[in-house]
Each structure stands twice: as structure tokens, then as C-alpha cells.
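Notebook open, coffee ready. I'm jotting down what I look up as I go.

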Amino acid sequence: MLIDLLRLLAESDCIHSVSTLARDLHVSEELVQLMIAELTLQGYLQSVKNNCDYQCSSCPARKMCASRNTDKIWVVTQKGHRLINLINVKNLG
Amino acid sequence: MTELKQNSSAHPRNSITVALAGQPNVGKSTVFNMLTGLNQHVGNWPGKTVEFKTGELVLNETLIHLVDLPGTYSLTANSEEERIARDFIIREKPDVVIAIVNAALLERNLYLVAELLALDVPIVLGLNMIDVANQQGLRVEVNVLEAALRVPVVPIIASKNQGLMELIEAAQNLAESQVPLAPNRPDIRPERRPVLEEIRTLITGQVPQPYHEDWVALKLLEGDSEVMEMVERAAPKAWPRIQALLSQHEDAILDITGGRYEWIARMVRAAVVRPRPGPIVLTDRLDRIATHPFWGLVLLLGILGMVFWLTYHAAMPIVEWLDSAIFIPLANVVSIALANAPLWFSSLVVDGLIGGVGTVLTFLPILIVFFTVLGILEDTGYLARAAYVMDRFMHWMGLHGRSFLPLFLGFGCNIPAVMGTRIIEDRRARLLTILLVPLVPCTARLAVVSFLTPAFFGTGAALVTWLLVIGNLTLLVLVGIAINRLLFKGAHTAFIMEIPLYHVPNARTIGLYVWQNILAFLKKAGVLIVLISTIVWAFSWLPDGNVNNSLLAGLGRWLEPLGRLMGLNDWRLIVALLTSFVAKENTIATLGVLYGMGEQSVGLAARVGATLTPAAGLSFLVVQMLFIPCVATIAVIKQETASWKWTAFSVVLLLAISLIVGVGVYQLAALLNWGM
């Protein structure tokens, strides 16, 4: 199921919400969140929010920033893309 | 459910050991305390800093040694607590493990149960907090869950001492039962079974007691570092082959943990009835429109239009009042008061400071409206939907999915937007996003345009401002498409965005947000805009005190031929555009200085409006919207690109775009004989 989630993300090119992923995988949103956490822990997904937090600390306009960056966002890492490519190659073979 | 009463006076005939396992905050300690009462011993696990709690109780003439294992999310050797918990179960072999789970968070808690089942130990599931689950509208079918798991399941409310007797009795019965265990365990994908079997064969007879070979093989495939070290020591001959297999199947962990999630999904699907609570239904209904490919866009444009409507109906009357009732009378009073002061000093205070900084301060109400709306949209959870809707347009541009995030930040301020491009790994994609950021109109740019548009377009100002923003974004898409065709090669990346539930905005949160941003604006006005207003005044005064002979007029007139192509026959407008390079608000400050405050009866916008035709006014607004970003943004572009070449390219690109579009708009109007 984790591979299915990773494949869904690696092979698409749009924004997914937790609720649409839950619908696509026929599981609950809670489970999708757990799987996202697992994939992040394993290095296949990366939380973008942490990077933003890091950036803000060195941003000269942080005191007048109109955006608060509160959304949680994850992207597939190169490790994640490599894995899905590898699986696809194996499947083709 | 019956309440537990300890019976420590009975004389036990036999004894069993029961371990209590569970994730943190599931009520495990409450269960332990309720079951053992005062008969407990607290210490540390040998050689560890983790608390070790044991206790005793007598039930049906059986002495039960209860061990409270540390709270853990899983049984992988990620933490000391996890190692202690699994080592205790493997080495001490308790007769039964009671797994306490939170019924309201069953999916989260069942992961540990999935790992416990792999240890081949008798398990009783203590389904705690069923009252909380019921309050949340969740109904856990205990019998169904029991049948699905094929382990005893006992509903309990530990905090109310309910069901604990049944729980411990179930553990005792299981310990004394002779029936072989056959729980429903998570599966591993069929394609991984051969490798698991091969590893199992390689370690057969070599795994130290009391480790179970099936479990060790599974943990090896999962990449458990502690188990790998153990097997390397215990089976040195087989280790190279095992290692080779593990490196070939490095990703097997995803299949194993994925199998556990599939198992959890099956259990929950079978046993949990989940009526949809109100907020989710409301969110779903609203999202049918807000995230719809067409209606979502209509809503987004509608909201944008509403912002400008609100600006002109709520903020502009206050702006005009501040200008006519505060700053113009103030300039007149100060002018009279300084009648005997040197002329340059009077001019500096009246034209330079009141005319420059004062005028900028008048558009404070516009900023309050912008920040309030932005704060409300974010606090209600709408902004995440806007990002979702805009994703399609990012595809048209061929932009990397991550590029959307910094571009969206640009509406607040271009500086954090440029900084935000750090999330883009690909250098070319990052550079191109940086180039596009200044085409997103920031709050300061929007405030300037909102301030001036009514002077040219009267009641149509809201519509014109709205169209200007749409025009900027359309141009951004077109430039994005062009850049993509040349360099980007259509690379796309998906991402997950957690879209929050809608909720009623909190007035305090929004108030604080608006206040922080307004305070920052006032500080900027107090330092940077005062400085620039003074410099602009100085250059408009020198050398002889006549603005028409000033150094600034010389510069403005030198650029006038270019301005005439856009209908800008007044050099003061060109100078105002140039000073916006320092900060966007300086356009207003400069106009305030150059159009003078003394002895005026109408506001600045009206005075500027009187000098321009609507076509020239529109051209001026277009250039203002597209002009090169402020110097702070350019400094950040230099910092982030680490290249003077790209920084210069950004400035030249935007200068060219703004002038070409500005000239184009005016010439088109002339061709159509509109607003001339």
C-alpha cells in the first residue's frame, strides 16, 4: 500500500490532498496521514514546510511577511522517484 | 462492563506474567494503576533510564505479575523504549501481552498490534476510550474486530475503571488456554515471499535463543539495525549472502510496512462504523465548489474581485478623508506656521515629509483591507484550496509543482517568495521561478494601484484593478509558457497538500496578523520612505528651489520621449516610477512631493488624475504593476541566484516587459480612440 501511494505521487503531476488520496486508495484520511509519515520517515517523501521554516529565519522581510506558511506539504524525493523507476523497470523485465 | 476489585488476600495456586503494551497516551498507565493498585514497584530497566513498573494482583487464585512496558509506536529498534519493549517480550516471554489501544485512534494504534502479532505471543486487545470514540461518532464493532483479528478484544474505559475485570480475565483465560494461536497477521507481498524464505533458510539453526527465526528474517528484510548486527555475529558464513539479498531488496521495508497498513485498513473497514461528522460534511460540500476546476476558479476570481470592491467601498472613503481632512489641512497649517522659516525648510517639511510620507500613510486603510482579507482567507482554510485550483495553470506554464508555493507567497511580498524558491531542487527551475516572482503583484504594489486607479476610472476602479491583477497573472502564465518551451522541457512534479477543514476565522488571530503587518509597514514608512521622500525633495529643490529647473526634472525630461510613447507627458510620473525601485510605496511619496501639498484643496490622486487621460492613466498603472521589483527584492534575487548575470537579466526582463506592455496598452487605446 505504501508503494501504491508512492507510485500515485511519483507518476502524477498535480497537487493531491489527503482526502483525494484517501478516496483513490480506498482508505481513511487518518491512514493516509500515517502512510505519509512513514514514507517521510523512510526518506521517500520530504516535508516542504520544514524548509520554509528554515528559510524564514534568514528572510530579511520576515517581520512584514504577509504569508504564514502554515500548510503542510510533502513532495516525492529523488529516492522515492528512483524506487518507483526501479520497480517499473523490474515489472517491465 | 464491571468494575475491578483487587483481591490481594486470596492465596494463589499458580502465577502468570502479563505485559501491558501500547502507544504513548492510550491510557496504559491508568490500566496498570487500576489493576495493581498499591501493589506495584517502580524502578528503572536494568542499565537504562526508562522507567520499569511491575505490579501484582490475584485473580481466581492466580497471581498475575503485570509489567508495564514503555509506550512505543512500533517495535523497530528506533528508540530505547522500543528496544526495551520488544526485548522484554522476546526474552522474558510473558504468558500474555495486553495491547491497549485508543478506540478513537484505532488506525494509528493498530500498527503496534501488527508488530506484536509478528512476535508470536498471545495477545488480548484492550479497546480503551470507547466512550471518547462514541462521542466522536465512531462505533467500533467489538465482535467483528475480534473475529477479524482472531484475538480476544475487550472494550474498556480505564479512566472509569470499567471493563478491566473482563480484560484481565481474558488475559488469564488466554494464558491458561491450550488452543493454538491463529491470529490474523499482516501479509507480505507475494513477490517478496521467496526472498523472505531464502533469508529464513540461511539463518535456520543459527539464530540465538530465544529469537524466533520467522521474526528475525522479517526484521532483517525490514533493515532493523540491531537484528542485522545480531545475525552478522551469529551467522558469519551466511551473512555475505544475506547482505547481498538485503541490498537487492532495500525497498522491501515499504512492502512490509505497507502490508501492515493494508492489514490495518482491512481491520478498520470491517469493524469501525464511521458516521461523517458535521464539519467534514460542510468541508466536502464547500470543496465541491472551491476545488472544482471551473467553479473553483470562478470563486477565486470572485474573491479577488470582492477584495477590490471592498477596498473601494470601505477603504477609499477613509483614504480620501485622511487626505482631505488630515494631511491637506496639516500641510496648510504647517505652511502658515513656517511662513517665517527659510523657504527650503518649509518646503522640506510640507512637500517632502507631509507630501511624501503623509500621503503614503493615507493608504493605510487599503493595506488594512488587504491584510484582513488575506488573514480571513488563510484562517478559514481557503488559501490551500486556491493553491489547489491554481495547480492546473501551473501545468500550462510547465512549471515544477513546487514553483507554485513561492509564487503564491509573492502576493504578500516578493522577498519571501524569492527566498521560498529554495524548496525547488532543480537549479534551472528555481531560476525561472525567481524570474517569475516579481510578476506576482505584492501588497505594496496593489496598494499603490488601488490608491491611484479611482483618479482615472472613478466608479470603475474596482473592475480595472481586478483586470490589472488578472492581466499580471495572465502575463506570468504566458512568460512561464515561453520560458518552459525554451528551457524547461515540461518537467512536472506532484505534491501532497494537507487541506485543512474550514473553520470560523478567529478575530484575535486576524487582528494580530493585521497589526503585525501594519506595524511593519509603519516602520518602513518611518525610515525608508522618510529617507527617500527627503532625497526626492532634495533633488526636486536643487539647484535653485524651482522644481521645474531641478535635477530631478532634468532626469525626468531626459526620459520624457519614452514616457510620451505611453502617454506620460509629465516627467513627474516617470520619476515616480523610477523611485518605486527603492520601495513600491515611493511612487505615492514621490508624487506627493512633486505634486505638492501646500495650498491644495483636493487629494493627491485627484491632482494626478487631472494631468492624465484615462488611456495614459491605464498605461501608467500597467507599468506600475509590471515594473522592476523593489531594491530589497533584487538584493534577495542576487543572494538566491548567486549571480549578477541572472539578477541583471531579471531587472532587464521586467523593465522590458513593463515598458513594452505599457507602450502597447497606450498605443492600442490610441488606435481604438479610447480614453485619449
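I started with the surface of chain A: about 4400 Å² is exposed, with 52% of it supplied by carbon and sulfur atoms. Areas here are Shrake-Rupley values with a 1.4 Å probe, and for residues only the protein chains shown count as cover.

This is a predicted model, where local features need pLDDT of at least 70 and side-chain atom pairs 80 or more, while totals for chains, interfaces and linings use all residues. Residues are numbered from 1 along each chain, chains are lettered from A and ligands numbered from 1 in written order, and side-chain values use heavy atoms, without hydrogens and water.

Next I checked how much of chain A is buried (under 20% relative accessible area): 51% of its 93 residues. I also looked up its fold pattern, which reads α-β-α-α-β-α-β-α along the sequence, with five helices and three strands. Those are DSSP runs numbered from the N terminus: helices are H or I with at least four residues, strands E with at least two.

Then I moved to chain B. How do H8(B) and H11(B) pack? Their angle is about 120°, and their axes are 7 Å apart. Axes are lines fitted to C-alpha atoms, for helices over the stretch in contact, and angles run from 0 to 180 degrees between N-to-C directions. H8(B) and H11(B) are therefore oblique to each other, as angles outside under 35, 65 to 115 and over 145 degrees are. Among the residues meeting there are B:Leu218 of H8(B) and B:Ile256 of H11(B), where contact means heavy atoms within 4.5 Å.

How values were computed
Buried means under 20% relative accessible area, exposed over 50%, partly exposed in between (1.4 Å probe, protein chains only).
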